[in-house]
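Please look over the fold shown here and go through its helix packing, its rings and its loops. A short report follows.

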Amino acid sequence: MKATAPRPEHAPLIAEIEAFLIETEVSASAFSALAMGDPTFVKGVREGRRMFFDTESKVRAYMGYVRGGGVPAEWLAAWKKKYRMASV
C-alpha cells in the first residue's frame, strides 16, 4: 500500500523545507530539482516517501548553502524564471 501522508519522523525536516520554500519563493519542484536532482522529491516526502540520514543531511546542507549566500542571486533568478515563479 502506497503511503499518502508524511512520515512522522520526517515532520521536522518537512517543516524546515516548507519554511525554506516560503522564504526563498521557490516552488517545491524547483527546490527538489536543485537540492536533490529529482523534481518530485518534496512531493514524495509530503506523501510519505522514506528518507535516510544522508538524504536529510544533503537537504539541510543545500538549504544552509543557499541561506549562506552560496547561490548567486542571478542563478536563483534564472531558476525562478525557468519555473515561472513570482518575484524574479
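## Helix α2 and its end

Helix α2 is followed by G37, which has a positive phi near 75 degrees. This is a predicted model. Within α2, 8 of the 9 residues are buried, so the helix is mostly covered. The buried ones are A28, A30, F31, S32, A33, L34, A35 and M36.

L34 belongs to α2, which spans residues 28–36. L34 counts as buried because its relative accessibility is 15%, under the 20% limit. L34 also has a partner far along the chain: L76 is 42 residues away in sequence. In space, the two C-alpha atoms are 9.8 Å apart.

## Overall make-up

The protein has 5 helices and 0 strands. Along the sequence the pattern reads α-α-α-α-α. The protein counts 88 residues, and 38% of them are buried. Take the contacts between residues at least 6 apart in sequence: 64% of these join residues at least 24 apart.

## Two helix packings

How do α2 and α4 cross? Their axes come within 10 Å and cross at roughly 105 degrees. The two helices are therefore roughly perpendicular to each other. From α2, the contact uses F31, L34, A35 and M36. From α4, it uses T55, K58, V59, Y62 and M63. By type, these residues divide into 7 nonpolar, 1 polar and 1 charged.

Helix α4 also packs against α1. Here the axes come within 11 Å and cross at roughly 25 degrees. That makes α1 roughly parallel to α4, because the angle is under 35 degrees. The crossing of α1 and α4 is left-handed. On the α1 side, the contact is made by P12, L13, E16, I17, F20, E23 and T24. On the α4 side, it is made by E56, V59, R60, Y62, M63, V66 and R67. The residues of this contact divide into 8 nonpolar, 1 polar and 5 charged.

The two packings compare as follows.

| Helix pair | Axis distance | Crossing angle |
|---|---|---|
| α2 and α4 | within 10 Å | roughly 105 degrees |
| α1 and α4 | within 11 Å | roughly 25 degrees |

V59, Y62 and M63 of α4 appear in the contact with α2. V59, Y62 and M63 also appear in the contact with α1.

## Aromatic rings

How many aromatic pairs does the structure hold? It holds 3. One of them joins F20 and Y62. Their ring centres are 6.4 Å apart, and the planes make an angle of 70 degrees. The pair is edge-to-face, because that angle is over 60 degrees. F20 lies in helix α1 (residues 11–24) and Y62 in helix α4 (residues 53–67), so the pair ties together parts 42 residues apart in sequence. Both F20 and Y62 are buried.

The rings go beyond this pair. Ring pairs link F20, F31 and Y62 into a cluster. F31 is one of the α2 residues that meet α4. F20 is among the α1 residues in contact with α4.

## The loops

E25 sits in the loop between α1 and α2. E25 has a positive phi of about 55 degrees, although it is not a glycine. Is E25 buried, partly exposed or exposed? With a relative accessible area of 39%, E25 is partly exposed.

The loop between α3 (41–46) and α4 holds R50. M51 lies in the loop between α3 and α4 too. R50 counts as exposed because its relative accessibility is 52%, over the 50% limit. M51, in contrast, is buried, with a relative accessible area of 6%.

Which residues does R50 touch? Not counting residues up to four places away in sequence, R50 touches R7 and H10. The C-alpha atoms of R50 and P6 are separated by 8.9 Å, with their positions 44 residues apart along the chain.

M51 meets H10 as well. Leaving aside neighbours within four places in sequence, M51 is in contact with H10, L13, F41, V45 and E56. The C-alpha atoms of M51 and H10 are separated by 7.7 Å, though the two are 41 residues apart along the chain. L13 and E56 also belong to the contact between α1 and α4.

Technical notes: Residues numbered from 1 in each chain as written. Predicted model: local features only at pLDDT ≥ 70, side-chain atom pairs only at ≥ 80, totals over all residues. Heavy atoms only, no water. Phe/Tyr/Trp six-rings, centres within 6.5 Å; stacked < 30°, edge-to-face > 60°. Helix = DSSP H or I, 4+ residues; strand = E, 2+ residues; numbered from the N terminus. Buried < 20%, exposed > 50% of the residue type's maximum accessible area, 1.4 Å probe, protein only. Axes fitted to C-alpha atoms, helices over the stretch in contact; angles between N-to-C directions. Parallel < 35°, antiparallel > 145°, perpendicular 65-115°, else oblique. Left-handed = near helix turned anticlockwise from the far one by under 90°. Contact = heavy atoms within 4.5 Å. Nonpolar A, V, L, I, M, F, W, Y, C, P; charged D, E, K, R; others polar.
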